[in-house]
Amino acid sequence: MEIPLTLSEGSFIHGVMLKSAQEAFGEVVRRQKYPRYMTIKDASGYAGVAVNTFKKDFINKGLRVIDPDGLKRIDKNDIDEFMENMKF
């Protein structure tokens, strides 16, 4: 079913939809600037928390760490999954 919708520029609904779209695209761009495998510092930035908080509240609570020869890396997908599982 199709519902035609016309919004005039400057209307409240138009403004809300535009702001929502801009925020969503901004988040996509922010997340894409991080590589899949990140250092702990980059991973904490991706998660939006301080490094110490990341270690204490993410790694110490079960977020998996990749450790090839002492080069600790965090998989971006694991962060997303970890955060999804922490929702209440």
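Trainee: Helices here are DSSP runs of H or I with at least four residues, numbered from the N terminus. Going by that, where is the place of V28?

Mentor: Keep in mind that this is a predicted model. The run to look at covers residues 12-32. That puts V28 in helix 1.

Trainee: Is V28 buried, partly exposed or exposed?

Mentor: Its relative accessibility is 42%. Buried needs under 20% and exposed needs over 50%, so V28 falls in between and counts as partly exposed.

Trainee: How far apart in space are V28 and L7?

Mentor: Along the sequence, V28 and L7 are 21 residues apart. Going from C-alpha to C-alpha, the distance in space is 25 Å.

Trainee: Zooming out, in what order do the elements of the chain run?

Mentor: There are four helices and two strands to place. Start from the N terminus and read along, and the order is α-β-α-α-β-α.

Trainee: Is the chain a compact globule or more spread out?

Mentor: For 88 residues, the globule rule gives 12 Å. The radius of gyration of the chain is 18 Å, well over that value. The C-alpha atoms fill a box of roughly 60 × 25 × 25 Å along the principal axes. Since the radius is well over what the rule gives, the chain is, next to a compact globule, more spread out.

Trainee: What share of the chain is buried?

Mentor: The accessible surface comes to about 7000 Å², and 57% of it belongs to carbon and sulfur atoms. The cut-off for buried is under 20% relative accessible area. Out of the 88 residues, the share that counts as buried is 18%.

Trainee: Which helix gives the most to the largest nonpolar core?

Mentor: That core has 12 residues, among them Y34, I40, F54 and F82. Helix 2 (40-47), helix 3 (51-59) and helix 4 (76-85) each give two or more residues to it. With four residues, the top contributor is helix 2.

Trainee: I40 is one of those core residues; which residues does I40 touch, leaving out residues up to four places away in sequence?

Mentor: Contact takes heavy atoms within 4.5 Å. With the sequence neighbours set aside, the partners of I40 are V51, F54, K55, I59, K72 and I74.

Trainee: And S44, in helix 2: is S44 buried or exposed?

Mentor: Away from its sequence neighbours, S44 touches V49, A50, V51 and F54. The relative accessible area of S44 is 2%. The limit for buried is under 20%, so S44 is buried.

Trainee: Y34 is in the core list too; where does Y34 lie?

Mentor: With a relative accessible area of 14%, Y34 is buried. Beyond four places in sequence, Y34 touches D42, G45, Y46 and K76. The C-alpha atoms of Y34 and G45 are 9.1 Å apart, with their positions 11 residues apart in sequence. As for its place, Y34 lies in the loop between helix 1 and strand 1 (37-38).

Trainee: What is the phi of D69?

Mentor: D69 is found in the loop between helix 3 and strand 2 (74-75), and at 81% relative accessibility it counts as exposed. Most residues other than glycine have a negative phi. D69 is not a glycine, yet its phi is positive, at about 55°.

Trainee: Last one: what separates the C-alpha atoms of D80 and A47?

Mentor: D80 is found in helix 4, where a relative accessible area of 30% makes it partly exposed. Along the chain, D80 and A47 are 33 residues apart. Their C-alpha atoms are separated by 8.5 Å.

Terms used:
Residues are numbered from 1 along each chain as its sequence is written. This is a predicted model: local features need pLDDT of at least 70, side-chain atom pairs count only at pLDDT 80 or more; totals for chains, interfaces and linings use all residues. Side-chain values use heavy atoms; hydrogens and water are left out. A nonpolar core is a set of buried Ala, Val, Leu, Ile, Met, Phe, Trp, Tyr and Cys residues joined through side-chain atoms within 4.5 Å. Buried means under 20% relative accessible area, exposed over 50%, partly exposed in between (1.4 Å probe, protein chains only). The radius of gyration is taken over C-alpha atoms; the globule rule is 2.2 Å times the number of residues to the power 0.38. Accessible areas come from the Shrake-Rupley method with a 1.4 Å probe; for residues, only the protein chains shown count as cover.
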